[in-house]
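Me: I would like a close look at a single part of this model, worked through with some care. Please take one strand and follow what surrounds it before widening the view.

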Amino acid sequence: GVPNRRFSEISAEELLGIDVIIASDVVYDPRLTDALAKLLDQLISPGVTTLISVEKRVYFSEKTLKEEVYEWPRFLDLLTISGLKIQNEDMAMVPQFSEYQRLERLALVTVTRSQVETDT
């Protein structure tokens, strides 16, 4: 396995051959978000499936004077710019075994990369 390290310290070569990536509660700090998006861009090839679950972090914006979610949408944008496909999963289909007050802030996405089309 991979020892407990920062995303920016893990090379794609160390993880070659994987076909499933599961991550939870990993999108909240801008520096870590950038490193995770870069690592996933390197790791996700056609045939690799990634599941990411998060609680969308809410902060109070001094700029808009409203509660906002910033890091999650930015992370999804970084993945999309990298050419990755994001599919939102229906949280209602995920079994819940305890009461959770902030269910509307939970998100689950599947991230994949399409086959590269070649000219023939």
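**Strand β2 and its surroundings**

Reply: In β6, the residue that bridges to Ser-53 is Leu-108, and this pair is a convenient place to enter a model that, it should be said at the outset, is predicted. The pairing to which it belongs joins β2 to strand β6, residues 106-112, in the antiparallel sense and over six bridges.

The strand also has a second partner, for β1, which covers residues 20-24, runs parallel to β2, residues 49-55, and is joined to it by five bridges. Within that parallel pairing, Leu-51 of β2 stands opposite Ile-22. In a regular strand, side chains alternate between the two faces of the sheet.

The parallel neighbour leads on to a helix, since β1, helix α1 (residues 30-43) and β2 together form a β-α-β unit that is right-handed. On the way from strand to helix, the loop between β1 and α1 contains Asp-25, a residue other than glycine whose phi is nonetheless positive, near 55°. Asp-25 counts as partly exposed because its relative accessibility is 38%, a value that falls between the 20% limit for buried residues and the 50% limit for exposed ones.

Another element that reaches β2 is helix α2, residues 71-81, in which Glu-71, Trp-72, Arg-74, Phe-75, Leu-76 and Leu-79 are buried. The buried residues of this helix pack against β2 and β6, and also against α1, β4 (67-69) and β5 (85-88). An α-helix has 3.6 residues a turn, so residues three or four places apart point the same way. Just after α2 comes Gly-83, with a positive phi of about 90°.

Seen against the whole protein chain, these elements belong to a set of two helices and six strands, which follow one another along the sequence in the pattern β-α-β-β-β-α-β-β. Of the contacts in the protein chain with a separation of 6 or more, 69% are between residues 24 or more positions apart. Buried residues account for 29% of the 120 residues in the protein chain, while its accessible surface amounts to about 8,700 Å², with 51% of that area belonging to carbon and sulfur atoms.

To return to the strand itself, β2 is therefore described here by its parallel pairing with β1, by its antiparallel pairing with β6, and by the buried residues of α2 that pack against it.

How values were computed:
Residues numbered from 1 in each chain as written. Predicted model: local features only at pLDDT ≥ 70, side-chain atom pairs only at ≥ 80, totals over all residues. Heavy atoms only, no water. Pairing = 2+ DSSP bridges. Helix = DSSP H or I, 4+ residues; strand = E, 2+ residues; numbered from the N terminus. Right-handed = clockwise from strand over helix to strand, strands pointing away. Buried < 20%, exposed > 50% of the residue type's maximum accessible area, 1.4 Å probe, protein only. Contact = heavy atoms within 4.5 Å. Areas by Shrake-Rupley, 256 points an atom, 1.4 Å probe, with all protein chains shown as cover.
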